[in-house]
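Work through the exercises below with the sequence and the model at hand. Each task is followed by a solution in steps.

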Amino acid sequence: QVQLVESGGGLAQPGGSLRLSCTVSYVNLDYYGIGWFRQVPGKEREEVSCISSIDGTTYYRDSVKGRFTISKDNVRKVVYLQMDNLKPEDTAVYYCATFHAGAEYRSDFCANFDGYIHHWGKGTLVTVSS
């Protein structure tokens, strides 16, 4: 069955960097979109970045543009989130998730992900503090 396992979370100082990895099983990343999401206790889960299987187009929420980079290796079946210039506001549990087939044909599939996620990982905690 489909499985997603995140790793790479931890403690970083403001301005520091972390690289998150999401290893997937039984998911062909040539055909399914995948993304990173985060959640702070008491707040709604929000999109961070997504990558389309259709054309490789990437999407980022405004607050992480220029700081985070999503990439993937379809053969190794790993999706990465390189996070640079981290800020305290980036502190959250980060989740990897795959989209339902066809979701990527919606131009807003990343920001409006509710109802279109197929599988969620268990999450990895990122803490940014001095």
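A contact here means heavy atoms within 4.5 Å. The model is predicted.

**Exercise 1.** Find what share of the contacts in the protein chain with a separation of 6 or more comes from residues 24 or more positions apart.

Solution. Take the contacts with a separation of 6 or more; residues 24 or more positions apart account for 61% of them.

**Exercise 2.** State the secondary structure and judge how compact the protein chain is.

Solution. Step one: count elements. The protein chain has 11 strands and 0 helices. Step two: check the size. The radius of gyration is 14 Å, close to the 14 Å that the globule rule gives for 130 residues, so the chain is as compact as a globular protein of that length. Step three: check burial. Of the 130 residues, 40% count as buried.

**Exercise 3.** Locate the disulfides and give the handedness of each.

Solution. Step one: apply the cut-off. Sulfur atoms of a cysteine pair must lie within 2.5 Å. The count is 2 disulfides.

Step two: take Cys-22 and Cys-96. Their S to S distance is 2.2 Å. Cys-22 sits in strand E3 and Cys-96 in strand E9, so the pair ties together parts 74 residues apart in sequence. The S-S torsion is about -80 degrees, so this disulfide is left-handed. Cys-22 is buried, at 0% relative accessible area. Cys-96 is buried too, at 0%.

Step three: take Cys-50 and Cys-110. Their sulfur atoms are 2.2 Å apart. Cys-50 is in strand E5, Cys-110 in the loop between E9 and strand E10, 60 residues apart. The torsion is about 75 degrees, so this disulfide is right-handed. Both cysteines, Cys-50 and Cys-110, are buried.

Step four: read the pattern. With bonded cysteines counted along the chain, it is 1-3, 2-4.

How values were computed: Residues are numbered from 1 along each chain as its sequence is written. This is a predicted model: local features need pLDDT of at least 70, side-chain atom pairs count only at pLDDT 80 or more; totals for chains, interfaces and linings use all residues. Side-chain values use heavy atoms; hydrogens and water are left out. Helices (H or I, at least four residues) and strands (E, at least two) are DSSP runs, numbered from the N terminus. The radius of gyration is taken over C-alpha atoms; the globule rule is 2.2 Å times the number of residues to the power 0.38. Buried means under 20% relative accessible area, exposed over 50%, partly exposed in between (1.4 Å probe, protein chains only).
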